[in-house]
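This report introduces a structure to a reader who has not seen it before. It starts from a strand and its partners, then turns to the nonpolar cores and to two loop residues.

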Amino acid sequence: MGRVLLKVIILGDSGVGKTSLMNQYVNKRFSNQYKATIGADFLTKEVMVDDRLLWDTAGQERFQSLGVAFYRGADCCVLVYDVNSAKSFETLDSWRDEFLIQASPHDPENFPFVVLGNKIDVEENKRQVTQKRAMTWCQSKGNIPYFETSAKEAINVEQAFQTVAKNALQQEAEEQLLDIPPMLDVNLTSNRPSLPSRYVDYPDPIQLDSENSQSYGCNC
Amino acid sequence: MVEIKRSDIPASTSRDDDRYRLVYSKSKVYVNPTAYARDNIPGFVALVKLEATNPIYLLAWIPETLLNEKGTSEWDKFVKIEEKATWDDEDDDVVLIDLPTQRPESYAFSVPLTSIYSLLVQPPTLSSWYGSIGINLINGDTLPTLHFHDDESRSFTLPTLPRPLVDNTSTYPPPPTHVAKSGNSWGGEDLLSRLRSYAHIMRSTLQPSLFLIDPSRADIEAHSTQIFADDAVDDILAQSSFANSHSPVPAHRRPRPISTSPLPNPYSHRSSVLHRSLSPTSNIQSSSQARMALLQSFSNITRATRHAAQNILSHPLAKPIVPHLPDPVRSLVNANGEWEWGSWVEKGGVGEFESARVYLARWARIVAEEGERSRRREAQTLPSSSLEEESSTLGIFELLHSTSNLPTPKTSRDPSHPIDEQLWAKWFAEDGRPTVRIEEMKREVFRRGVSTEGKLRQIVWPFILGVYEWDATRFEREQKWDQKRKLYHELKDQWCGVPEVFDRPDVIEVRPTFVSRFQHILTKKVAQERHRIDVDCRRTDRTQPLFVTPPTNASISKSTQPNDEKSNYQRYSTISPNMSDIGAQSPTNEHIDRHASILLTYNFYEKDLGYVQGMSDLCAPIYVVMEANEELTFWCFVEVMHRMVGPSPLPEHGIKLNNWVLIAFKREFPFNEVLRLWEVLWTDYYSNDFVLFVALAVLESHRDMILRYLVEFDEILKYCNELSMTIELDTTLAQAEVLFLSFAQFVADVDRRKAEELPTPSTSGIRRRGTSEGGTPPTTISLPTLSENLRELLNAGR
């Protein structure tokens, strides 16, 4: 089995849990001692068929000028907000635009995003963004897959990143085709498989009472 | 043509009539019979040819005294050969010599190349000034080690043969085609490249300093199993159509095809398992064949590596290291390592191979550090007189040094004797006026640090940072401090208890915009800054006692204690009274709030800069040291920020820097070491940018690992990220000091040499690049141009 190196960028406001999600997915750990990410950080995750490179960025937009170099070549972008903060949800638009401008993907209309509503482990009455509101937004942006997660309780993190990988893989395949020199174009059109529309797959149904909701607690 | 009859007959050969033709000679090659330099014996190393139907080549060393005995003509012959630029074997100008006997008292020897088993080649380093070659014979004997004193040797000091400016030992040995006589970096290399014309010399991959002479098949097998030749995978990919096919490796990460360069990389031995697994006709057409070739290559790795690794890891010395190994490597120690290693390699293909580089680099570092630690432990058990020696060995920096023959500076640091309260008190007169100069104080802080006992840091830090004036009486200081304290509260009152400030139109929140490249034109967003400060302070140094919140009892279910849970997330502080948009964050406490207040006040003090993530990391340790004194923390923080961003704050500059520098290694060292590091940096004793020398010292100590194993930017970044909490502070600071002093010395040396050359304008033309002047080589090596940025590193004191 060959390897695909996928580059996944995680964006969102300060303190919504980007680093925690990344660490939960890669290291299966949660710590509430995370520090503010300065500039960018990254981890790699090796899965059966691929090697995922996760770039976690600082939530402060003045660090986004670093972004251009870090964003380039991204295969998927994960947008994270905190379900307990309306503001962090409202800025998703800007984060999405910011990414598309900085990464300038070939086909911005169809670039794969995944939205994660994090911190669902916090009690219900603190919640400020309903699932319906989030899903409506995601649909309006071209059916972006949406997951509600808890990095702390490891809820839906694995499932969310599986979708991230799947969409990123597809993106990578398309980028490959685009990378082929123009002289091959004639052959290309006949060989090109009919690619399925990217967002035919709706996200897995969200299960808030996932059996995975065991707590990993704090490891410090 | 000079012809001399042999008078002495070496015991090894009995052919009396044979004539020995001198084909190579090199002067000032020393044999060191004892550890004392006064006992060193200078001599000539020579290659001689025994003329016969099947000529025999011998390697010889003849002491100068022995040649002197034979008169000047004999000496001249050696000099003549040494100076000869060409090495045409069929040269008419044959020089024949006597060959000395192997006399134990003179250390002279001559041995046929065929009797040499191996050469142990040690290029010059800082610690051993002269490179050396040890000679092991097949019969197990070892001949005296030859030390190449190139600075005295004729062939290396001749004006027509300038020494290369850059030490190229890293690409050692150079390919024979590039060898002009004495074009090599040092004498041993010169000899070695010459030997290559007469014998098959193979560099061992097991021990890179070992060169085998005409190795046997078994030795070739054992010493050429290069498992991780850096370019092996690249070559395989480049040689196949794989590189241009639908590779799973994205185009931007695929290796550059090497085949585009007309010449093969002369430094690559092409002897790694991967290379050798390639058939000569490996121009594989279909990508599936290429894949097969690649996978076959990896299965070869599996076999060879397993064997090598198990050998290494089963060694008793490796035992303490095993727990530190990355899992895939550790699995080799197991009896069934065969299966595990195999699956590790085979399941992944190229990807695993690349990530293995990072593993290997880490592993190599751990081994090196383990070795360094035990070396230090050993050194500590020695009497104190040897400790000086120890500290001087801390600065082994060949790169800077190879460009100039300057002595190695020594570190002045003495962290085991920090400044204590008695000493500090001694530096002040009755009225609080200091009796020592501020430079002296800073020098001592740089050298020794401040004792952690008592509250000395609370007193010393404001002086180092310039919050308190040095040349003043206690009364004067107190007066100025009163003003500063007042000013702090004035600044704080601009927002504290004034909720409207966060709602004002000019400070209303704006969403992240795309003008991030032009930060300074962004509208101020105090509410947003407040949010960030709040969120960041809640996740900064939470293990420090001041910042620990009363632990919530996790075993009690949420439903039974909803109010407690809620109140933990609630804010009651002055900083953000309205908590609607904070989201779910870690609970806060009084000190976290106060810390946030300081940063928010700073936001009003330095309006152009605003809050930058990382500031909380810089401020928290000060808050802890000042024991929650808000005003002192604030003014110390102001001075620290002044040092970080300079007088005209341009956040863009700082942000481009690595996090190491950006937050002054805050996250790379344990908290207490951060305090020790920072007080050293704040002295600006040597350089205002001493932190860069610290960063360089860290990189320097990992140089080999990074250069040898890491290719991609990602890999290097990952490796550096993982250095966190593994760096030895005092060693690093000592290295940084040596690096700085070497740099300063280097700059001074360049300036001096430039000044000396100024009066003779004729030479300046020669030194200009590209001016060959009728093929006359330049008489001086062109001096490097030092940019203003480099010179600014020498600025000290603010």
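In strand 10 (residues 210-213) of chain B, Leu210(B) and Leu212(B) point one way while Phe211(B) and Ile213(B) point the other way, and all are buried. Buried means under 20% relative accessible area, exposed over 50%, and partly exposed in between, with a 1.4 Å probe and protein chains only. Strands (E, at least two residues) and helices (H or I, at least four residues) are DSSP runs, numbered from the N terminus.

The model is predicted, and local features need pLDDT of at least 70, side-chain atom pairs count only at pLDDT 80 or more, and totals for chains, interfaces and linings use all residues. Residues are numbered from 1 along each chain as its sequence is written, chains are lettered from A and ligands numbered from 1 in the order in which they are written, and side-chain values use heavy atoms, with hydrogens and water left out.

Two strands pair if DSSP finds at least two bridges between them. Strand 6 (residues 116-122) of chain B pairs with strand 10 of chain B in the antiparallel sense over 3 bridges, and Leu119(B) stands opposite Phe211(B) there. Strand 9 (residues 201-203) of chain B also runs antiparallel to strand 10 of chain B, joined by 3 bridges, with Met202(B) opposite Leu212(B); strands 9 and 10 of chain B form a hairpin with 6 residues between them.

A nonpolar core is a set of buried Ala, Val, Leu, Ile, Met, Phe, Trp, Tyr and Cys residues joined through side-chain atoms within 4.5 Å. The largest such core has 101 residues, and Trp424(B), Met615(B), Phe637(B), Leu677(B) and Phe690(B) are those with the most contacts inside it. Helix 29 (residues 729-757) of chain B gives the most to this core, with 9 residues. Apart from this core lies another, of 31 residues, among them Tyr24(B), Val45(B), Leu113(B) and Leu119(B).

Counting contact as heavy atoms within 4.5 Å, and leaving out residues up to four places away in sequence, Trp424(B) touches Ile419(B), Met441(B), Leu456(B), Ile459(B), Val460(B), Phe463(B) and Trp470(B).

Two residues other than glycine have a positive phi, as the table sets out.

| Residue | Phi | Loop of chain B | Relative accessible area |
|---|---|---|---|
| Ala628(B) | near 70° | between helix 21 (615-625) and helix 22 (630-645) | 12%, buried |
| Asp684(B) | near 50° | between helix 25 (671-682) and helix 26 (690-701) | 3%, buried |
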